[in-house]
Amino acid sequence: MAYVSELEASLRPPAMEMPPYPPKVITLASGEEMVVRQVERKEIPTLLEAIYPLLWVERDFYDIVAARLFGELLAYKRHRVKDEYVLAGMIDGVLAGMVNGRLVDEKTGMSYHTLTIRRGLRVGSHLFAAKMEYHIEHLGQDEVLIVAESPIGFRRWMIEYPLEKRFEVQHELGGVPSWVLTSETYYKAKPRLAAGRRPVSEALLRGAETIALPVEEIVVRQVAGEKEGAE
Amino acid sequence: MKPVYIAGAGMTKFGRSEWSLLQLASVASLAALHHADLGEIPVDGVVVANMGAARINRQTALGSALVDQLALYPAAAEAVENGPASGASAFKVGVQAIASGMADVVLVTGVERMRVVNGLEGTDFVASLSQPEVEYIYGVTLPSLAGMFARLFMDRFGVERKHLAMIAIKNHENATKNPYAHIQQTVTMEGILTAPEAVVNNPPIAEPLHMFDCCPVSDGAASIVLVSEEVAGKLGGPMVRVAGIGQATDTHAVHEREDPTDLKAVRIASEKAFAMAGAQPADVDVAELHDAFTILEIAESEAAGFFAKGEGHKALERGETKLDGTLPINPSGGLKAKGHPVGATGVAQLVELTWQLRGEAKERQIKDAKIGYACNFGGFGNNVVATVLRREA
């Protein structure tokens with residue numbers, strides 16, 4: 001047993017101390033309230049279940065985002081990635097989207113993915129902003145390396161913030177030339193892109209304690225659109 | 001002029017489609033033909049409305065293409081391009097064919113497939129309808145024209161952002177009752193205007209217009225079957241008569257208008273349509289207005305004669321334009337939430353009115369609707385087609 005544990009320890013990347021992400025609540029355009037909170041390792045299987053049907057949705061590159069995110073979350077659960085974290089957005093306890101990333105070192109973060117299940121309410125935009133908030137405000141980092149895998153992501157991050165080019169750095173996601181969000185850019189963009197209130201009421205926190213999943217059909221419909229028809 | 005009737009109406013769901021342009025047009029057409037239930041009666045002519053296929057879908061001669069898809073030979077075929085008013089213009093061409101006695105059955109189909117290009121290219125394509133030498137070359141887009149229009153209109157008539165938000169809220173709510181609408185999502189005043197998060201939820205597009213003041217970019221098709229009185233007599237079911245059509249133009253460049261807040265072409269086109277129909281704005285039970293931007297619903301509701309100048313937003317505040325109001329406007333969700341595939345829009349407005357007047361609009365049905373009005377707003381108000389439909393027993 002001792003041998004197995006030692007081997008396992010050597011397979012795990014070294015971990016840094018990471019202060020937890022304090023939950024917040026965001027009022028969406030629909031008037032619904034989305035709680036954003038950190039996801040624990042033991043909750044990862046629930047997220048994997050939500051991602052699974054999206055592995056075959058080509059629209060807006062959901063397939064590649066889902067496939068990579070699936071691997072990243074699995075690696076997080078099985079301790080095979082360094083300093084990863086996962087945040088989730090929940091509306092009435094139901095998963096609306098998730099984001100993840102990791103620390104490269106104390107001062108540099110790396111954004112992994114943003115996956116929106118409930119589309120049309122800027123859930124992805126809110127969650128991405130929460131991720132940047134975590135890196136810059138709570139982890140005290142100077143910058144975050146970012147790439148986009150879809151035109152929507154490019155518009156949301158590279159153009160809306162706007163991000164700076166750091167093309168000499170290859171991002172872990174496919175070796176794509178990186179862009180970077182600096183602390184200065186973040187604070188400049190914060191008033192128009194990062195929203196949310198703290199503390200979150202006990203009732204809302206309790207409602208977001210357990211991650212509920214929308215049924216698979218609804219997940220796919222929300223992401224890939226309604227089945228076409230005519231009358 | 002001979003009387004013209006609408007015997008059938010159909011449409012595809014608006015949104016982002018995987019179907020080709022011709023598939024969209026065919027499905028909507030088949031739906032309308034099925035609705036009309038013509039039996040062995042042949043289709044004499046096909047008119048297709050479209051704005052951008054030549055540019056964004058690399059396809060022209062859509063009338064002949066649709067005839068071929070549906071095997072409607074030897075029906076006459078043509079296509080009409082008149083910017084965002086293409087739909088109602090094509091409808092007018094179909095009506096003229098029957099009114100003149102040249103045809104007994106005409107299929108009018110509007111179609112657009114815009115989501116094949118990215119947002120920048122789509123915005124540029126729509127902007128190509130602006131004045132090339134004094135607007136387009138300086139980077140004018142439709143949202144920017146609407147933003148300037150909204151600013152002036154708001155300053156002059158006391159319209160506030162909350163009124164624009166009320167239009168969005170109403171039309172999004174209506175669209176949730178329309179299975180063909182692009183956006184199936186309600187929004188709230190808090191979520192898009194008053195909550196601190198609204199600044200992120202509803203970002204500015206062209207101040208004072210924000211995201212939820214603008215229609216989505218949509219794919220889709222809508223179709224109408226027009227018939228002569230003789231054919232109408234052979235068909236069963238409630239009949240909707242084309243009571244009046246009016247069309248008017250205004251200066252191409254918006255700044256050349258004496259008063260840019262006066263939608264003169266809407267006013268004149270509506271006056272012509274009502275005169276032809278022998279009706280008044282007060283007779284209208286349901287209206288579909290061209291709310292590509294929320295401000296336009298208010299401005300058009302006044303220019304069409306439903307409310308006095310500067311009173312549209314007050315009627316909105318009183319709830320008069322809601323589904324259960326005295327004059328429901330955009331029960332379909334309007335362009336704002338039903339969507340705006342430009343070439344299809346004018347036809348889709350008339351599809352909605354037809355369903356309303358036949359009592360087939362289900363959850364969003366306006367009780368006892370007998371007269372419907374549609375405003376198809378081309379350019380930035382420089383080419384407008386107004387239509388009045390009337391239910392006949």
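Buried area is the accessible area that two parts lose on being put together, summed over both, and by that reckoning chain A and chain B of this predicted model bury about 2,200 Å² between them, with 49% of that area on carbon and sulfur atoms. The two sides of this interface can also be described by their residues, since 29 residues of chain A are in contact with 29 residues of chain B.

The polar side of the interface can be followed through its contacts. Between chain A and chain B the count is three salt bridges, and one of the salt bridges joins R59(A) to E18(B), whose closest N and O atoms are 2.9 Å apart. Across the interface of the two chains, eleven residue pairs are found in polar contact, with both residues at pLDDT 80 or more. On the side of chain A that touches chain B, β1 (24-27), α4 (123-138) and α6 (183-193) of chain A each supply at least two residues. Sorted by class, that side of chain A holds ten nonpolar, eight polar and eleven charged residues.

Turning from the interface to the fold of chain B, the reader will find 15 helices and eleven strands. The C-alpha atoms of chain B fill a box of roughly 60 × 45 × 40 Å along the principal axes, and the radius of gyration of chain B, 19 Å, agrees with the value near 21 Å that a compact globule of 393 residues would have. Buried residues make up 64% of the 393 residues in chain B, and among the contacts in chain B between residues at least 6 apart in sequence, 77% join residues at least 24 apart.

Within chain B, helix α5 (residues 119-127) offers a local view of this packing. At the start of α5(B), a side-chain oxygen of N118(B) reaches to within 3.0 Å of the backbone nitrogen of L120(B). Further along the helix, G122(B), F125(B), V126(B) and A127(B) are buried, and the buried residues of α5(B) pack against α2 (53-57), β4 (105-113), α6 (142-157) and α15 (342-357) of chain B.

Helix α6 of chain B, in turn, contains A146(B). Is this residue, A146(B), buried or exposed? A146(B) has a relative accessible area of 0%, and because buried means under 20%, the residue counts as buried. Leaving aside residues up to four places away in sequence, A146(B) touches L209(B), F293(B), I295(B) and F380(B). With F380(B) the contact spans 234 residues along the chain, while the C-alpha atoms of A146(B) and F380(B) are separated by 7.9 Å.

Technical notes
Residues are numbered from 1 along each chain as its sequence is written. Chains are lettered from A and ligands numbered from 1 in the order in which they are written. This is a predicted model: local features need pLDDT of at least 70, side-chain atom pairs count only at pLDDT 80 or more; totals for chains, interfaces and linings use all residues. Side-chain values use heavy atoms; hydrogens and water are left out. Buried means under 20% relative accessible area, exposed over 50%, partly exposed in between (1.4 Å probe, protein chains only). Helices (H or I, at least four residues) and strands (E, at least two) are DSSP runs, numbered from the N terminus. Contact means heavy atoms within 4.5 Å. A polar contact is a pair of N or O atoms within 3.5 Å; within protein, one must be able to donate a hydrogen and the other to accept it, and residues adjacent in sequence count only if both atoms are side-chain atoms. Buried area is the accessible area (1.4 Å probe) that two parts lose on being put together, summed over both. A salt bridge is a side-chain nitrogen of Lys or Arg within 4 Å of a carboxyl oxygen of Asp or Glu. Ala, Val, Leu, Ile, Met, Phe, Trp, Tyr, Cys and Pro count as nonpolar, Asp, Glu, Lys and Arg as charged, and the others, Gly among them, as polar. The radius of gyration is taken over C-alpha atoms; the globule rule is 2.2 Å times the number of residues to the power 0.38.
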